[in-house]
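Open the model in your viewer and keep the selection tool at hand. The stops below go from one selection to the next and say what is there.

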Amino acid sequence: MATSAEAPAKEAQKRDSQPQKQKRETQDEAELLTVPDGWKEPAFSKEDNPRGLLEESSFATLFPKYREAYLKECWPLVQKALNEHHVKATLDLIEGSMTVCTTKKTFDPYIIIRARDLIKLLARSVSFEQAVRILQDDVACDIIKIGSLVRNKERFVKRRQRLIGPKGSTLKALELLTNCYVMVQGNTVSAIGPFSGLKEVRKVVLDTMKNIHPIYNIKTLMIKRELAKDSELRSQSWERFLPQFKHKNVNKRKEPKKKSIKKEYTPFPPPQPESQIDKELASGEYFLKANQKKRQKMEAIKAKQAEALTKRQEERNKAFIPPKEKPAVKPKEASTETKIDVAAIKEKVKKAKTKKLGALTAEEVKLKMEADEKKQKRKK
């Protein structure tokens, strides 16, 4: 009986513990999704792989003739950098190739891939100071081939120059925004930096080769950089903040004046047109005699001639039709206001004759001054 009483109590405890477990699982998932700032994966040491590698692996790459002098100078530094990771490097100037291979002491299995990328970057005109960074864990590289993206050589050169910008300003802006080192050389673009930055660099380079100006992508990167600083916006969508650029290249092809509209497809053939005999049967002409048919034709011709004659006569008569005359307008009587007053003009002329011309004499000036003074006194 005791066991039967304990059974429902255990079931109730299980039910209570289930939601608590679910809450813990959701909390753990949320913690796993968010990566804390400044977190780095621990470095791979010899303790992680004490026995080393089972087999030797190697990679080789060719380099152009103009890189021979530089590689000859910096090769001791390359060997020194790779020896720290127990990787052997050889330079063959006769064949024009570089080779890297693992040794018995090599413990990091991925270091040979990084060494391969190092010699590839050196072959693509990247300086040793920048190429050595690839041996770090948080740095990666991307070599983008752009030679086959544009067929026309002149157009390719223009777009490649657009990517570099005036005095390398566009490339410098891209480097600052993506935290990557970018090198444009021949038919390839070499980039070294973090994975997120390399993704953006590849997008900008490919868009530039597709005739999209890099300034548009640089603007979006600048906005994204500012938005990333805000902790609240990190989990939200940024589409509303990013600019939407429209293509302004309008198709210059002129449309034809007469557009041919295609008819709807029908599986049935069009109706057969009526023959001349069918028309004659419908009108009854088929059963007429030859002289009757001739008479009908002559009547139709005479009717057409009569219509044409009447039209011609109407056109000739148009020249003899007098034009409509405008109604005669009576001249308006001169108003009393506009009448000239002859008597007033005569008086003005007489006054003008009596007036003396030239400057006033000294006596006249004195008299005038006295008269003006008297007038002013009266006003006061």
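This is a predicted model.

**First stop: the hairpin of β5 and β6**

Select glutamine 185 and threonine 188; the threonine, in β6, is the bridge partner of the glutamine. Widen the selection to residues 181–185, which are strand β5, and to residues 188–193, which are strand β6. The two strands pair in the antiparallel sense over 5 bridges. They form a hairpin with 2 residues between them. Glycine 186 is in the turn and has a positive phi of about 60°.

Is β5 enclosed or open? Of its 5 residues, 4 are buried, so strand β5 is largely enclosed by the rest of the structure.

**Second stop: the sheet around β6**

Now add residues 140–145, which are β4. The open sheet has 3 strands in the order β4-β6-β5, and the pairing is antiparallel. At its edges stand β4 and β5, each with a single partner strand, so one side of each has no neighbour in the sheet. From one strand to the next the twist averages 15°.

For the pairing of β4 with β6, count 6 bridges in the antiparallel sense. Select isoleucine 144 and valine 189 to see one opposed pair, with the valine in β6. When looking at side chains here, remember that in a regular strand they alternate between the two faces of the sheet.

**Third stop: the other open sheet**

Clear the selection and pick residues 58–62 for β1 and 87–92 for β2, then residues 97–102 for β3. These 3 strands form an open sheet in the order β1-β3-β2, with antiparallel pairing. β1 and β2 are the edge strands, and each pairs on one side only. The twist averages 15° from one strand to the next.

Start on the β1 side. β1 and β3 pair in the antiparallel sense over 5 bridges. Phenylalanine 59 stands opposite valine 100 in β3, and serine 58 stands opposite cysteine 101 in β3.

Keep cysteine 101 selected and go to the β2 side. Which residue faces cysteine 101 from here? Lysine 88 stands opposite cysteine 101. Cysteine 101 in β3 therefore has serine 58 opposite it and lysine 88 opposite it, as the order β1-β3-β2 sets out.

β2 and β3 pair in the antiparallel sense over 6 bridges. They also form a hairpin, with 4 residues between the strands. Glycine 96 lies in the turn, and its positive phi is about 75°. As for β3 itself, 5 of its 6 residues are buried, so the strand is largely enclosed by the rest of the structure.

**Fourth stop: the second largest pocket**

Select Glu41, Pro42, Arg114, Asp137 and Asp138. What do they surround? The second largest pocket has a volume of about 450 Å³. Of the 13 residues in its lining, those five are the closest to its centre.

Colour the lining by class: 7 residues are nonpolar, 6 are charged and none is polar. Then colour by domain, with 44–137 as domain 1 and 138–246 as domain 2. Both domains give residues to the lining, so the pocket lies between them.

**Fifth stop: two positive phi angles outside glycine**

Most residues other than glycine have a negative phi. Two residues to check against that background sit in loops.

Select serine 125, in the loop between α3 (111–123) and α4 (128–131). Serine 125 has a positive phi of about 70° although it is not a glycine. Its relative accessible area is 12%, so serine 125 is buried.

Next select lysine 167, in the loop between α5 (153–164) and α6 (169–178). The phi of lysine 167 is also positive, at about 60°, and this residue is not a glycine either. Is lysine 167 buried or exposed? With a relative accessible area of 90%, lysine 167 is exposed.

**Last stop: helix α9**

Go to residues 276–283, helix α9, and select glutamine 276. At 54% relative accessibility, glutamine 276 counts as exposed. Add tyrosine 286, which is 10 residues away along the chain, and draw a distance between the C-alpha atoms: the separation is 9.7 Å.

Methods. Residues are numbered from 1 along each chain as its sequence is written. This is a predicted model: local features need pLDDT of at least 70, side-chain atom pairs count only at pLDDT 80 or more; totals for chains, interfaces and linings use all residues. Side-chain values use heavy atoms; hydrogens and water are left out. Buried means under 20% relative accessible area, exposed over 50%, partly exposed in between (1.4 Å probe, protein chains only). Two strands pair if DSSP finds at least two bridges between them. On a 1 Å grid over the protein atoms alone, a cavity is a set of points where a 1.4 Å probe fits but cannot get out, and a pocket is an open set with protein on both sides within 12 Å along at least five of seven lines; lining residues have an atom within 4 Å of a point. Grid points are joined across faces, edges and corners, and a volume is the space filled by probe spheres set on the points. Ala, Val, Leu, Ile, Met, Phe, Trp, Tyr, Cys and Pro count as nonpolar, Asp, Glu, Lys and Arg as charged, and the others, Gly among them, as polar. Domain bounds come from an automatic or database domain assignment. Axes are lines fitted to C-alpha atoms, for helices over the stretch in contact, and angles run from 0 to 180 degrees between N-to-C directions.
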